[in-house]
Each structure stands twice: as C-alpha cells, then as structure tokens.
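Visitor: Please take a close look at one part of this model for me. I would like the details residue by residue, and then the surroundings.

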Amino acid sequence: MVFEFKLPDVGEGLTEAEIVSWLVSEGDTVTEDMPVAEAETDKAVVEIPSPVNGTVREILAEAGEMVPVGNVIITFNVEGEDEPPVEAETETEEAEAEEPVEAEKAASNGESSAKGGRVFAAPSARRLARELGVDITTVVGSGPSGRVTDQDVRTAAEGGDDGAQAAEPEPEVESEPAPETTESTAGGSQAVSMQKVDREKTLAAPATRTLAKELDVDLNAVPEVEKREGQSFVTPEAVREYAEAQTAAKEADVAAIAETSKEDERVPYRGIRRTIGKQMERSKYTAPHVTHHDEIDVTDLVAMRADLKEEAESRGVKLSYMPFVMKAIVAGLKEFPYMNSMLDEEAEEIVLKKDYNIGVAVATDAGLMVPVVKGVDQKGMLQVSQEMNDLVEKARDRSIARSDMQGGTFTITNFGAIGGEYATPIINFPEVAILGLGAIKEKPRVVDGDVVPRHIMTISLSIDHRIIDGAVAAQFANTVKNYLENPALLLLE
C-alpha cells in the first residue's frame, strides 16, 4: 500500500519548515526510524525519520522548499503488499502526474511545469486544480524546479482559462509595420518610444521656441499638433511631452545598463534568519528601547578568574567570565525584580518572574541563538559554567533542543568577544531587559590620585521603557557593577 507521510510538527508549535536536503531517493529501501530528510525549523536542523518499512515511492517536496506542517512530503510503498491498492483520490492524482503532455502543448508553452510528461505538484495543488476545473498540466509552476503551487492553480483559475487555451497558438494577424522610433531603450517594459519625425520647418509661437531651447529640444523632431498654412505646428505642451519622453528614455537606458552590469546574489530569507528577523522586528517596534551605558573596573575579577581557571580545568570545566556576570546579574535581579519581568499586554499585568533563567546570545553560522541556563540562582559557579558551555556548543552545532532556548527571563549578549565596546542590544522579547558586554581592555585610570593601568569592561543595558525607568536601569547596572568590581561578594550569593 502507499503510505503518505506528512511533514510533522518538528518544532513544538511549528507551522512550516524548510526541507534542507533529502537523504533518500525514489526507489530506495527504508526502515522505520531511518532518517529520510533534514528539515530546518526556526531554531535548528532536525532529521525526519521514516515512519514505516518500505521503499520510497515519490518525493513531493524539493530541497530548499518551505512546506507547511501537515503537507505530504514523501510517499512510501509499504512492504508486504504485491499490488499496492492506491486510494481513489491518490490514483487520480498519480494518473494526472503520469499523464503525458502533448508535444504541441510542450512546444507552445516552454514554461509549463510538465517535465518529461510529469507535473511536479503537491497533492493539495492537484486537488485544488480539480476543484477549480484547471488542467494542471498546462499551469506554469513558480515553485522550485517549476513545481506547481496552490497559488499557481488559483492564478490560472482566476485567469479564466485552464492554461491550455493560453498555450494554443494565437491566430496570425496582419499588422502594419511598426513606426520607427526616435527613442528606445534596453529597459524592456520600461522602454519609452515616440513616433519619429524629422521636418525641415516647424511653426511655433516665440514662447514655444524659447521653451524648446531651455529644454534642449529640437522643434523639428517634436510630433506636430496641427497643420497651419500647410506647415507643422507644435505647442508648448507638445514640447514638454517630448522632453519628458526623452528624459524617461535616458533614465530607462541607465537603469537597464545598471541591471545588466550587476551580478546580485539572492539568498532565501528563511529558517533561523527569518525567525531572528521577525523576533527583532517585533521587539523593536513593541518595546520602546532605552540603552544605558557604563564601564566596570574588573581588575579584581580578572585576577580571581586567573586564580580559579586552573582549578576549574582540573575539574573538567572551562571557566570564562560569563558565569561571574550571570551570578552578578541574578544578584541585581533579586534587588530589582521588575528587571526580571514581562508585560502581559492582554491581561494588562506585569509578571514578576520568580525563576532566574539567564539566556546567553550565541553567534552561530546559522544566526543568533539564545540558549538558556535555568535556575542560575540555585547553582554553583562551576555548574553554571559547565551547563552554559554545553548549551553553547549544542547551539553552534545546531543540535540544541528547542526547550533549551525557552523560558529565559533575562538575556546577555557578549559582542565584546568580537571586539566592540558599546552597542544598542535589542531586547529578547517578551523579556524587559538585555545586557550587552563589551571587550575587557587594559586602560589608564586614576586610583588614589595615581594614573594606573586597569582592566575595564564596558556594558550596554537596553530596557523596555514601558516597564523600566531609566533610574532603575542605572541602579541595576550599579549593583551588577559592584559585584563585578568586588567579585568576592559573589561568594555570598
């Protein structure tokens, strides 16, 4: 029997996913749970396993195609059946898919989606074509490799024909020779043309002649408006129209040259990049951002971390500055609980979070990801460090679970690791604040009246100004600053 496999929800609430690649081909033998495809969700690339034992009958989605959850992406011939009893609807669909395309249609419609007698289309598109009375074999596909989409079918239906009529050769019509043009461009549809005239004498009022001179227009080239005394007569309006046409033609020429001289690359706006973009847009245009900047003297922290680094490594943990910052932030969040909150707009309530789940923004090859270390207030420095390191590694190789990137209450972004000092971080909505860390650099500072070298780290704290006032942001930053300048205080947390 034929088993239709629909794209499952591989991302907990996902509505669509991109088929990154197929791991099998039509005719391949598969076993249950054997990966058959890779799909990119809004967070990671996941393998899609086969639900049955059998052979691949047909692959119905192209690599790179966005597929709604619930659409059939592949069919299998299930083992143990000599003659696969295909469902009536499927038989019809397959028959349509196998229906040969007449040579005349193929020749007259070079863009038809039919290839080698087959039409590449999802069952939903075939079903829709039947419902709308559209001959799918003549529909021009706009999907990958000419695949016919639902919208293609609707467009064909709205056009009042099933495509076949459009494919029929148009009757020959005798036409008059096209007039010669004075202006033509390579701009295709943007080309501007006017009937060419080339007279020896043109009648015009003195004001019209003055206008033509100002616009650099040859009066003898302007199409006549009327005859006067057997001579061509033009008006100021005709001169202006001719000048505008000349200008438009020149602009179209420039645009056409520019188009042909560039080799732009178009990259699909999908997957993680689209998710990041939508999240940033939502945050930026929902939460009014204000960013507070400051610098912290972390000289003592640098010394403490150097002392503890070797001991941490002996316990199998790579100790960075981030766990210290996370613990300092938790101390600040406890003192300023509105910094650890979210706004429930529907209920018109501010939710003060009791968990201290700290997200750490990580730059990956696929884009920005934010793994979340949960319960930072309940864990020791090394445990926080180990969990963070593990999550960061999983994010970078895209094996991280979706649940490991949910539930955050506050986020840190470390742009200083790349070299910057200040930024304007965008809040990880619906959280109400994000702390950006700049690079730690040795700089001269005045201590007890002497200029001495100190290790300075810059910070950029963005807040949702609907919930957090600037004064609270500054006080919170001062608390974090106090803990990092006096890291021994973290032992009390």
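Guide: What follows starts at one strand and moves outward from there. Keep in mind that the model is predicted.

The strand is S19, residues 410-413. Its side chains alternate. Phe410 and Ile412 point one way from S19, while Thr411 and Thr413 point the other way. All four of these residues are buried.

Now the neighbours of S19. Strands of a sheet pair through backbone hydrogen bonds, in either the parallel or the antiparallel sense. Strand S16, residues 358-364, runs parallel to S19, and four bridges join the two. One contact to look up is Ile358, whose bridge partner in S19 is Phe410. Strand S20, residues 433-447, also pairs with S19 in the parallel sense, here over three bridges. In that pairing, Thr411 of S19 has Ile434 of S20 as its bridge partner.

Next, the connection. The loop between S19 and S20 holds Pro430. Check the peptide bond between Phe429 and Pro430: it is cis, with omega at about 10°. Most peptide bonds are trans.

Two of these strands lead on to a pocket. The second largest pocket encloses about 750 Å³ of space. Its lining has 29 residues. Met322, Val360, Arg396, Asn414 and Ala417 are the ones nearest the centre. Which elements give two or more residues to this lining? They are helix H9 (299-314), helix H10 (322-335), S16, helix H11 (381-396) and S20. H11 gives the most, with five residues. By residue class, the lining of the second largest pocket splits into 18 nonpolar, six polar and five charged.

Charged contacts come next. The structure holds ten salt bridges. One of them joins the side chains of Arg315 and Glu311, with N to O at 3.1 Å. Arg315 is exposed, at 56% relative accessibility. Glu311 is partly exposed, at 40%.

Another salt bridge joins the side chains of Glu345 and Arg466, with N to O at 3.7 Å. Glu345 sits in the loop between strand S14 (341-344) and strand S15 (349-352), and Arg466 in the loop between strand S21 (450-464) and helix H12 (470-485), so this pair ties together parts that are 121 residues apart in sequence. Glu345 is partly exposed, with 45% relative accessibility. Arg466 is partly exposed too, with a relative accessible area of 32%. Arg466 has a further partner, Asp464, and their closest N and O atoms are 2.8 Å apart. Is Asp464 buried or exposed? At 1% relative accessibility, Asp464 counts as buried. Through shared partners, the salt bridges join Glu345, Asp464 and Arg466 into one network.

Stay with the loop between S14 and S15. Glu348 lies there as well. Its phi is positive, about 55°, although Glu348 is not a glycine. Most residues other than glycine have a negative phi. Glu348 is exposed, at 71% relative accessibility.

A positive phi also turns up at Asp33, at about 75°, and Asp33 is not a glycine either. Asp33 belongs to the loop between S3 and S4. Its relative accessibility of 56% makes Asp33 exposed.

That loop leads to two open sheets. One has four strands in the order S5-S4-S2-S7, with antiparallel pairing. Strand S5 (45-49) and strand S7 (66-68) stand at its edges, each with a single partner strand, so one side of each has no neighbour in the sheet. Neighbouring strands of this sheet are turned by 45° against each other on average, direction ignored. Strand S4, residues 35-40, pairs with S5 in the antiparallel sense over five bridges. Glu40 has Val45 of S5 as its bridge partner.

The other open sheet also has four strands, here in the order S1-S8-S6-S3, with antiparallel pairing. Its edge strands are S1 (2-6) and S3 (29-30), and each pairs on one side only. Strand S6, residues 54-59, and strand S8, residues 72-78, pair in the antiparallel sense over five bridges. There, Ile59 has Ile74 of S8 as its bridge partner.

Notes: Residues numbered from 1 in each chain as written. Predicted model: local features only at pLDDT ≥ 70, side-chain atom pairs only at ≥ 80, totals over all residues. Heavy atoms only, no water. Salt bridge = Lys/Arg side-chain N within 4 Å of Asp/Glu carboxyl O. Buried < 20%, exposed > 50% of the residue type's maximum accessible area, 1.4 Å probe, protein only. Pairing = 2+ DSSP bridges. Axes fitted to C-alpha atoms, helices over the stretch in contact; angles between N-to-C directions. 1 Å grid on protein atoms, 1.4 Å probe; cavity = no way out; pocket = protein on both sides within 12 Å on 5 of 7 lines; lining within 4 Å. Points joined across faces, edges and corners; volume = space filled by probe spheres on them. Nonpolar A, V, L, I, M, F, W, Y, C, P; charged D, E, K, R; others polar.
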